[in-house]
Amino acid sequence: MTTVVDSNVIHVMKQRTSVRKYQTGIEIPQDTLNQIIDTAITAPSAWNLQHWKFVTIQNQDNKSRILPIAFNQQQVVDASAVVIVLGDTKANENAENVYGETVRAGFMAEEVKNAMVSDINSYYKNTEHAGIHDAIRNASFAAMQLMLAAKAHGIDSGPMGGYDAEALRKELNIPDRYIPVLMLTLGYAEQPAHQTSRFSVDQVVIRERF
Ligand SMILES: Cc1cc2nc3c(=O)[nH]c(=O)nc-3n(C[C@H](O)[C@H](O)[C@H](O)COP(=O)(O)O)c2cc1C
């Protein structure tokens, strides 16, 4: 069997680094940002519930208001855009829409849809912390895809967990249903990211079991 490796994908993954010094005053065209998000939302999600929303901030005054909330990390104002990736803690409420569409398209029988929706709702009702855990787990995939898609468009990024989530909620009027999972800066590097290293494959792989 021959193995075909898509070297473009590997290249983009290896080129992505967390940029903190951006060229200022450069806008990302709206169409490019839309294309990046359109790629990001091809991410997988449990039951295809698509537990994500994105608050995009490109206005300079609005970025400045995020600065103290992000503990004065300067990249927030220098970057062309800040994207707040939100996780949906009530993604079970999307099930009817997601599967209704599948039924209308003729890909699923109505009874199968009803059984699926019922399973999903029971999981959310009966599993401790399901809403919050699934929100974080699933929205994180979209966040990673967003950074890779940006890099494929020649746009650098930086993931950030360093912010006051409650202050961010107030500033952006984020409804209780959603939790901020990650803040992303997007833009054009002024300086390359710090060099980082990784543990080796042998250090991170446990073969078969601990
Ligand atoms: C969940 C998460 C939170 C992070 N928070 C911050 C942050 O608040 N500020 C920052 O400068 N970098 C932050 N980073 C970036 C990491 O420091 C960076 O990914 C790591 O050092 C590896 O470097 P690389 O992404 O350039 O390969 C965060 C990364 C992740 C995944």
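Okay, so the shell around the ligand: by residue type it splits into four nonpolar, seven polar and one charged. Keep in mind that this is a predicted model.

Who is in that shell? Going along the chain, the ligand is surrounded by Thr17, Ser18, Arg20, Gln73, then Gly158, Pro159, Met160, Gly161 and Gly162, and finally Leu182, Ala193 and Thr196. And which element gives the most to the shell? That's strand β4, residues 156-160, with three residues.

Let me step back to the whole chain for a second. We've got nine helices and six strands. If you lay the C-alpha trace along its principal axes, the chain spans about 55 × 50 × 40 Å. There are 210 residues, and 29% of them count as buried. Now take the contacts between residues at least 6 apart in sequence: 81% of those join residues at least 24 apart.

Next up, helix packing. I've got two pairs for you.

Pair one is α3, residues 60-69, with α8, residues 165-172. Their axes sit 9 Å apart, and the packing angle is about 160°. Anything over 145 degrees counts as roughly antiparallel, so that's what we call α3 relative to α8. The crossing of α3 past α8 is right-handed. Which residues meet there? From α3 you have Arg65, Ile66 and Ile69, and from α8 you have Ala167, Leu168 and Glu171. In terms of residue types, that contact has four nonpolar, two charged and no polar residues.

Pair two is α5, residues 95-104, with α6, residues 110-126. Here the angle is about 165° and the axes are 10 Å apart. That makes α5 roughly antiparallel to α6. When α5 passes α6, the crossing is right-handed. On the α5 side, the residues involved are Ala95, Glu96, Tyr99, Gly100, Thr102 and Val103, and they meet Glu110, Lys113, Met116, Val117 and Ile120 on the α6 side. This contact comes out as six nonpolar, two polar and three charged.

Okay, on to the loops, and a couple of backbone oddities. Asn48 is in the loop between α2, residues 30-40, and β2, residues 52-57. Its phi is near 60°, so a positive value in a residue other than glycine. Buried or exposed, or partway? Asn48 counts as partly exposed, because it has 15 C-beta neighbours inside 10 Å.

Asn173 is another asparagine with a positive phi, about 60°, although it is not a glycine. You'll find Asn173 in the loop between α8 and β5, which is residues 178-187. What about its surroundings? Asn173 has 7 other C-beta atoms within 10 Å, so it's exposed; the cut-off for that label is 12 or fewer.

Last stop, back in the loop between α2 and β2, where Ala46 has its place. Ala46 also counts as partly exposed, because it has 15 C-beta neighbours inside 10 Å. What does Ala46 touch, leaving out residues up to four places away in sequence? Asp134 and Asn138. Take Asp134: along the chain, Ala46 and Asp134 are 88 residues apart, and yet their C-alpha atoms are separated by 7.8 Å.

That's my tour. If you have the structure open, go and look at the ligand shell, starting with Gly158, Pro159 and Met160, which are among the residues surrounding the ligand.

Terms used: Residues are numbered from 1 along each chain as its sequence is written. This is a predicted model: local features need pLDDT of at least 70, side-chain atom pairs count only at pLDDT 80 or more; totals for chains, interfaces and linings use all residues. A residue is near a molecule or strand if its C-beta atom, placed from the backbone, lies within 6 Å of it. Helices (H or I, at least four residues) and strands (E, at least two) are DSSP runs, numbered from the N terminus. Ala, Val, Leu, Ile, Met, Phe, Trp, Tyr, Cys and Pro count as nonpolar, Asp, Glu, Lys and Arg as charged, and the others, Gly among them, as polar. Axes are lines fitted to C-alpha atoms, for helices over the stretch in contact, and angles run from 0 to 180 degrees between N-to-C directions. Angles under 35 degrees count as roughly parallel, over 145 as roughly antiparallel, 65 to 115 as roughly perpendicular and the rest as oblique. A crossing is left-handed if the near helix is turned anticlockwise from the far one by less than a right angle, and right-handed if clockwise. Two residues are in contact if their C-beta atoms, placed from the backbone, lie within 7 Å. A residue is buried if 20 or more other C-beta atoms lie within 10 Å of its own, exposed if 12 or fewer, and partly exposed in between; C-beta atoms are placed from the backbone.
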